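Notebook open. Today I want to look up what packs together on the inside of this one, and then check the cysteines.

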Amino acid sequence: MTAALRFDPIRLPEKCEQLRKEVRAFLAEEIAAGTFDPHKPNREDTDAPEFSRRVGAKGWLGMTWPKKYGGQERSFLERYVVTEEMRVANAPTRRFFVADRQSGPVLIKYAPEHIKMDILPRICRGEICFAIGMSEPNSGSDLFAAKTRATKTDGGYLINGTKIWTSSAHIADYMIAIFRTSQPTKENRRHGLTQFLVKMKQPGIQVNPIGQITGQYEFNEVVFTDFFVPDDHVLGEVDGAWKQATSELAYERSGPERFLETYYVLTELVRAVGPNPDTRSAEGIGRLVAQLHTMRRMSVSVAGMLQAGKEPVVEASIVKDIGTVWEQQLPHRVRDLAAFVEETATNRETLERQLDFAIKTAPKLTIQGGTTEVLRGIIARGLGLR
């Protein structure tokens with residue numbers, strides 16, 4: 001079925017700009033207090049539970065959610081501003097980001113009421129961390145190839161199998177995962193997958209860290225061995241999770257985090273060239289900023305569509321595809337332009353350190369959240385090309 005592709009032109013309202021000032025002031029205080037250094041994206045420990053609680057106390061987690069669950073019933077555009085400012089500042093958002101971005105909305109839509117009342121307020125207070133259990137060995141970003149089994153037993157399901165590339169599983173309190181509850185049919189290979197709420201740090205779950213070339217341990221392998229999940233932790237329709245997961249990915253793939261992960265090297269380059277750049281530097285930076293502005297307009301548009309209750313799956317995939325390719329290439333483009341920066345530039349050492357880290361972390365950017373190949377398949381299908 002062909003989707004109507006549309007990016008509505010949306011401007012952030014004045015209340016968003018006022019909120020932006022509040023977030024910047026808060027982050028400036030955190031930086032001054034030594035909570036984090038915005039010039040060091042490669043800090044070893046990005047899990048900051050106290051910072052997470054302070055963000056929650058500001059009312060900036062679960063912003064769009066109903067007040068009865070601890071939310072603020074604010075707009076997706078306001079949440080966009082908070083996300084954007086946190087990302088630009090290199091704030092340590094790992095503990096709360098996934099829960100706030102997509103796990104909470106999934107629970108609101110599909111979880112039993114008693115689970116909503118228990119977990120959602122804790123997310124809003126910045127107290128708990130979520131992981132996403134989708135990718136598996138030998139299946140990559142093809143969610144429908146998942147083989148981890150959920151076998152029905154008295155009062156629930158027994159889980160056996162492995163998830164991989166699971167960000168933050170080593171610190172997560174919960175995971176929202178997709179497991180196979182029955183076999184796919186010839187007519188529908190998407191059939192047979194069910195979404196579950198998994199309480200981590202329990203017997204039957206083993207988390208194995210996966211090291212990266214940067215020296216960080218963000219990704220994990222998660223092995224389930226006869227792990228029991230109660231019936232009330234089934235989210236939504238049994239065997240019908242493919243519909244839910246597709247909608248969930250609109251939240252995951254369209255935010256500013258999908259093109260700002262290496263943004264810090266661009267701002268550091270601007271500082272290095274100073275107020276009077278040569279023609280080559282001015283042209284190069286101008287081109288990069290124009291591209292960034294275009295992606296931001298597209299991303300804000302998707303936020304507006306989410307606010308309107310739409311499910312812009314294709315548009316979100318386009319943002320993620322274009323954005324992650326851009327942020328992956330950005331360190332290399334900045335490195336080329338930095339070759340002409342004066343050796344006497346006061347931040348030359350900082351720029352080189354950031355480039356070293358960004359170039360090493362860049363390969364993961366077109367893998368996490370869905371590979372480029374899978375995204376383009378979704379886009380092609382949405383445009384009626386396959």
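I started with Leu269 and listed its contacts, skipping residues up to four places away in sequence. Leu269 touches Ile285, Val334, Leu337, Ala338, Val341 and Leu351. I should keep in mind that this is a predicted model.

Next I zoomed out to the largest nonpolar core, which has 32 residues. Which of them touch the most other members? I found Leu269 again, along with Leu292 and Trp326. Then I looked up which helices feed this core: α3 (76-88), α7 (264-273), α8 (279-307), α9 (313-338) and α10 (348-361) each supply at least two residues. I checked domains too, and the core takes at least three residues from domain 1 (12-127) and at least three from domain 3 (253-381).

There's another core, apart from that one. I noted 27 residues in it, including Ile123, Leu143, Tyr174 and Leu235.

Cysteines next. How many disulfides are there? I got 0. I wanted to know why Cys16 has no partner, so I looked for the closest cysteine sulfur: it belongs to Cys124 and is 19 Å away, too far for a bond. A pair would need its sulfur atoms within 2.5 Å. Cys124 is in no disulfide either, as its nearest cysteine sulfur, in Cys129, is 15 Å away.

Last lookup: are Cys16 and Cys124 buried or exposed? Cys16 is buried, and I wrote down a relative accessible area of 0%. Cys124 is buried as well, at 5%.

Notes:
Residues are numbered from 1 along each chain as its sequence is written. This is a predicted model: local features need pLDDT of at least 70, side-chain atom pairs count only at pLDDT 80 or more; totals for chains, interfaces and linings use all residues. Side-chain values use heavy atoms; hydrogens and water are left out. A nonpolar core is a set of buried Ala, Val, Leu, Ile, Met, Phe, Trp, Tyr and Cys residues joined through side-chain atoms within 4.5 Å. Buried means under 20% relative accessible area, exposed over 50%, partly exposed in between (1.4 Å probe, protein chains only). Helices (H or I, at least four residues) and strands (E, at least two) are DSSP runs, numbered from the N terminus. Domain bounds come from an automatic or database domain assignment. Contact means heavy atoms within 4.5 Å.
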